[in-house]
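Got your viewer open and a selection box ready? Load the model below and follow along, stop by stop.

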Amino acid sequence: MGTVAGLIFIIYAFSFRRAQRKGLKLARESRELGANRPIAQFPQIDEYRCIGCGACIQACPEGGVLGLAMGKAVLINGLKCVGHGLCAEACPVEGITIGLGNLKERDDIPLLSDNNETSIAGIYIAGELSGLALIKNAIQQGVKVIDHIKTDTTSSGTTADVAIIGAGPAGLSAALRATEKKLTYVMIDQQTAGGTILQYPRKKVVMTQPVDIPLYGRLTKKEYTKEELLEIWQETQDRFEIKVATNQKLQNIVRINGHFELHTDKATFTAKQIVLALGRRGTPRKLGVPGEDKAKVMYKLLDAESYSNEHILVVGGGDSAVEAAMGLARQTGNTVTISYRKSKFFRLKTRNEERIAKLIREHKIRVEFESNVLEIGDKEVRLALKEGEKIIPNNYVFIFAGGEPPFQLLQQIGIAFGARSGENK
Ligand SMILES: Cc1cc2nc3c(=O)[nH]c(=O)nc-3n(C[C@H](O)[C@H](O)[C@H](O)COP(=O)(O)OP(=O)(O)OC[C@H]3O[C@@H](n4cnc5c(N)ncnc54)[C@H](O)[C@@H]3O)c2cc1C
């Protein structure tokens with residue numbers, strides 16, 4: 001009896017130590033990569049309460065956000081946290097709260113009034129840009145800011161009552177509310193309407209809580225697929241003729257003669273009030289090379305399985321680039337080349353480092369280190385290598401050159417950051 005109990009204890013101790021080692025390694029790795037930093041709200045673990053049961057890890061539908069180290073839950077990848085809060089619900093000792101942490105330490109949270117007005121009167125922020133993630137919050141904030149904006153009825157020609165920047169859930173619900181209130185608006189987006197939902201993997205289960213979309217009605221289900229949700233937005237947009245000027249990036253806002261002038265990369269608009277619904281995910285950084293505007297050039301990979309028997313170039317050397325290249329190399333008949341400007345990969349997650357090394361050894365992926373893309377043609381790509389130029393056949397290019405978060409734009413406009421006067425709830 002004693003021997004059996006001893007054996008069980010040894011097995012338990014062994015697997016516990018192994019889980020500890022893995023957790024510690026992941027936590028160290030994520031600190032080094034800066035991935036432990038959250039984008040918006042994130043789980044804050046009360047170490048004194050946490051009993052290390054792992055219920056929070058299992059409850060998180062995004063996976064990989066939390067881990068265990070030294071018998072306690074730790075934040076492994078804050079960037080993946082989308083604020084569902086299911087970890088907090090699952091914690092049996094109420095040891096997790098979801099919040100923004102110490103605002104004084106966060107230079108990425110704009111200063112907002114209780115009505116989401118920024119430090120510049122007449123410029124509002126709605127949605128994830130405020131620091132609060134989730135579709136439900138974005139929809140509610142889109143409505144809230146339109147309900148609060150001061151409207152004057154004096155006609156002013158082409159100047160819209162409100163300009164809405166960003167056509168994600170926050171911007172779209174702001175536009176619907178503006179339509180409901182018979183306000184004139186212009187809405188622009190640097191991509192197409194849909195926001196971050198467009199970037200979700202195919203068929204992703206999106207978790208929502210009941211929320212009212214202006215003019216449409218209530219989203220009642222707890223779960224939708226990405227495609228169902230996008231269809232709802234599209235139908236609502238069509239039905240209420242919500243117009244979005246797509247592929248236009250906001251570059252600056254200035255106040256002139258009592259109204260705002262908005263400068264995009266394509267046009268100038270004027271408006272009395274502004275709703276910034278830019279999200280926090282940023283704009284993918286471009287290479288600025290000829291041919292980059294071709295339809296075969298993309299900045300994200302959503303569905304690796306739909307590419308087979310293709311010549312594919314992946315640009316970049318970070319985890320996203322390497323993960324995309326590995327996903328594409330796994331499909332039938334693809335020839336995958338990575339172009340990276342540095343002489344070797346660095347700051348990769350250990351798991352990715354090991355896997356990519358294996359695929360390179362097996363000639364399943366080719367890497368051109370110290371290379372730059374010179375030009376993207378219809379059927380080929382021209383690269384600059386140390387030893388000279390090289391032309392390789394090409395059908396698709398995926399660029400992972402990092403992103404430009406929207407905070408610099410906000411600072412340039414003059415919006416203040418730091419501790420704020422009210423929580424957005
Ligand atoms: C992988 C993943 C899974 C998620 N899963 C869920 C989930 O299951 N449930 C849930 O509730 N939430 C989930 N979220 C979070 C949710 O998607 C966001 O909180 C929500 O989309 C925020 O809406 P938003 O309108 O504030 O911003 P976004 O949806 O990010 O939209 C911002 C828009 O602004 C545009 N834009 C940005 N900068 C400019 C510029 N300079 N000029 C013009 N346009 C600009 C962008 O192109 C974009 O269309 C998830 C997020 C991710 C990344």
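Start with the smaller of two stops in empty space: about 80 Å³ lies in the second largest cavity. Select Cys 50, Cys 53, Cys 56, Ala 73 and Cys 91, the closest to its centre among the 13 residues that line it. A cavity here is a set of points, on a 1 Å grid over the protein atoms alone, where a 1.4 Å probe fits but cannot get out, and lining residues have an atom within 4 Å of a point. Points are joined across faces, edges and corners, and the volume is the space filled by probe spheres set on them. By class, the lining has 10 nonpolar, three polar and no charged residues. (Ala, Val, Leu, Ile, Met, Phe, Trp, Tyr, Cys and Pro count as nonpolar, Asp, Glu, Lys and Arg as charged, and the others, Gly among them, as polar.)

A word on what you're looking at: this is a predicted model, where local features need pLDDT of at least 70 and side-chain atom pairs count only at pLDDT 80 or more, while totals for chains, interfaces and linings use all residues. Residues are numbered from 1 along each chain as its sequence is written, and side-chain values use heavy atoms, with hydrogens and water left out.

The structure holds two cavities of 30 Å³ or more, and the largest has about 110 Å³ of space. Select Cys 60, Cys 81, His 84, Gly 85 and Cys 87, which lie nearest its centre out of 15 lining residues. That lining divides into 10 nonpolar, three polar and two charged residues.

Next, show helix H4 (135-148) and helix H5 (169-180), which pack at about 35° with their axes 7 Å apart. (Helices are DSSP runs of H or I with at least four residues, strands are runs of E with at least two, and both are numbered from the N terminus; axes are lines fitted to C-alpha atoms, for helices over the stretch in contact, and angles run from 0 to 180 degrees between N-to-C directions.) Which residues of H4 meet H5? Ile 135, Ala 138, Ile 139, Gly 142, Val 143, Ile 146 and Asp 147 do, against Pro 169, Ala 170, Ser 173, Ala 174, Arg 177 and Ala 178 (contact means heavy atoms within 4.5 Å). The residues of this contact divide into nine nonpolar, two polar and two charged.

Now switch to cartoon for the sheets. An open sheet of five strands runs E16-E23-E17-E18-E19 with parallel pairing (two strands pair if DSSP finds at least two bridges between them). Its edge strands are E16 (297-298) and E19 (365-368). Zoom in on E17 (311-315) and E18 (335-339), joined in parallel over five bridges; His 311 has Thr 335 as its bridge partner. Then add helix H7 (319-329), which lies across E17, E18, E19 and E23 (396-399) and runs at about 165° to E17.

Last stop: a three-stranded open sheet, E20-E21-E22, with antiparallel pairing. E20 and E22 (388-393) each have a single partner strand, so one side of each is left without a neighbour in the sheet. The twist averages 25° from one strand to the next. Select E20 (372-376) and E21 (380-385), joined by four bridges. A hairpin of three residues links E20 to E21, and Val 373 stands opposite Leu 383.

How values were computed:
On a 1 Å grid over the protein atoms alone, a cavity is a set of points where a 1.4 Å probe fits but cannot get out, and a pocket is an open set with protein on both sides within 12 Å along at least five of seven lines; lining residues have an atom within 4 Å of a point.
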